[in-house]
Amino acid sequence: MASAGYNWFLVLMSVFLCNLVKALLPSISSFLSKVLQKDAEQELEMRSEIQNMKVELSSISMMDEFARYARLERKINKTTDKLKTHVKSRTAQQAKIKWIVNIVFYILQAALMISLIWKYYPEPVTVVPSKWIAPLERLVAFPSGVAGGVGITCWLVVCNKVVAVGLQAVS
């Protein structure tokens, strides 16, 4: 098999891509929220309307035009309550989208890791000189059991840690 020498690279790139996508999950969730929610314009209109009504309210004398003042104040309160309900609904929808994106990502990541483990279970991902890993040779070779071999589980752990540290250093 000609590609057998690049197994370690395939696994490393898979782990790198998973960690990169994990770092981008908040941005992905935010983008999807903006795309799926068209209510932001309506919210801006309500905020503008409230602001205009407050300006009008400040120009009315409470003593001279109490009925008009009270009516406008009730209208401001009603619109503000409507806006609060709208914001709560949008926030709940954003949380739901974020939760769904995270769940989908972790399911796909788990499927990828399981498929890699399944594929490389009987053979080592790469082989190094036995003396490099002498005291931990059997642990590093798990589950393949090949002397000097690096098993998929050990390679995934090492790749995850190295990629996480590397991405943390970059960001």
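Q: Buried means under 20% relative accessible area and exposed means over 50%, so in this predicted model, is Pro143 buried or exposed, and how do you know?
A: Pro143 has a relative accessibility of 16%, and because the cut-off for a buried residue is under 20%, Pro143 counts as buried. Pro143 sits in the loop between helix H4 (137-141) and strand S2 (149-150), and, leaving out residues up to four places away in sequence, Pro143 touches Tyr121, Gly151, Ile152 and Thr153.

Q: Why is Tyr121, which Pro143 touches, called partly exposed?
A: The relative accessibility of Tyr121 is 45%, and since partly exposed covers what lies between the limits of 20% and 50%, Tyr121 counts as partly exposed. Tyr121 belongs to the loop between H3 and strand S1 (126-127), where, apart from residues up to four places away in sequence, Tyr121 touches Pro143 and Ser144.

Q: How far apart are Tyr121 and Pro143 in sequence and in space?
A: Along the sequence Tyr121 and Pro143 are 22 residues apart, while their C-alpha atoms are 6.1 Å apart in space. For another pair, Pro143 and Glu43, the separation along the chain is 100 residues and the C-alpha atoms are separated by 57 Å.

Q: What makes Trp118 count as exposed?
A: Trp118, whose place is in helix H3, has a relative accessibility of 73%, and because the cut-off for exposed is over 50%, Trp118 counts as exposed. The C-alpha atoms of Trp118 and Ala70 are 71 Å apart in space, with their positions 48 residues apart in sequence.

Q: Why is Lys119 in helix H3 called partly exposed?
A: At 45% relative accessibility, Lys119 falls between the 20% and 50% limits, and therefore Lys119 counts as partly exposed. Lys119 and Ile152 are 33 residues apart in sequence, and their C-alpha atoms are 9.1 Å apart in space.

Q: How do you know whether His86 is buried or exposed?
A: His86 has a relative accessibility of 16%, and because a value under 20% is called buried, His86 counts as buried. The place of His86 is in helix H3 (residues 66-120), and, when its neighbours within four places in sequence are left aside, His86 is in contact with Asp39, Gln42, Glu43 and Met46.

Q: Why are H2 and H3 called roughly antiparallel?
A: Helix H2 (residues 40-59) and H3 pack at an angle of about 160°, and their axes are 10 Å apart. Angles over 145 degrees count as roughly antiparallel, and H2 and H3 are therefore roughly antiparallel to each other. The crossing in which H2 passes H3 is left-handed, and the residues of this contact divide into nine nonpolar, four polar and ten charged.

Q: What makes H1 oblique to H5?
A: Helix H1 (residues 7-36) and helix H5 (residues 152-170) pack at an angle of about 45°, with 9 Å between their axes. An angle is oblique when it is neither under 35, nor over 145, nor from 65 to 115 degrees, and that makes H1 oblique to H5. The crossing of these two helices, H1 and H5, is right-handed.

Q: Which residues of H1 and H5 meet?
A: On the side of H1 the residues are Trp8, Val11, Leu12, Val15, Phe16, Asn19 and Leu20, and they meet Ile152, Trp155, Leu156, Cys159, Asn160, Val163 and Leu167 in H5. The residues of the contact of H1 with H5 divide into twelve nonpolar, two polar and no charged.

Q: Which residues of H1 are buried, and what do they pack against?
A: The buried residues of H1 include Asn7, Val11, Ser14, Val15, Cys18 and Asn19, as well as Leu25, Ser29 and Ser33, and the buried residues of H1 pack against H3 and H5.

Q: Where does H1 bend, and by how much?
A: The bend of H1 is at Leu24 and amounts to about 50°, with a proline, Pro26, following within four residues.

Definitions and conventions. Residues are numbered from 1 along each chain as its sequence is written. This is a predicted model: local features need pLDDT of at least 70, side-chain atom pairs count only at pLDDT 80 or more; totals for chains, interfaces and linings use all residues. Side-chain values use heavy atoms; hydrogens and water are left out. Axes are lines fitted to C-alpha atoms, for helices over the stretch in contact, and angles run from 0 to 180 degrees between N-to-C directions. A crossing is left-handed if the near helix is turned anticlockwise from the far one by less than a right angle, and right-handed if clockwise. Contact means heavy atoms within 4.5 Å. Ala, Val, Leu, Ile, Met, Phe, Trp, Tyr, Cys and Pro count as nonpolar, Asp, Glu, Lys and Arg as charged, and the others, Gly among them, as polar. Buried means under 20% relative accessible area, exposed over 50%, partly exposed in between (1.4 Å probe, protein chains only). The bend at a residue is the angle between axes fitted to the seven residues ending there and the seven starting there.
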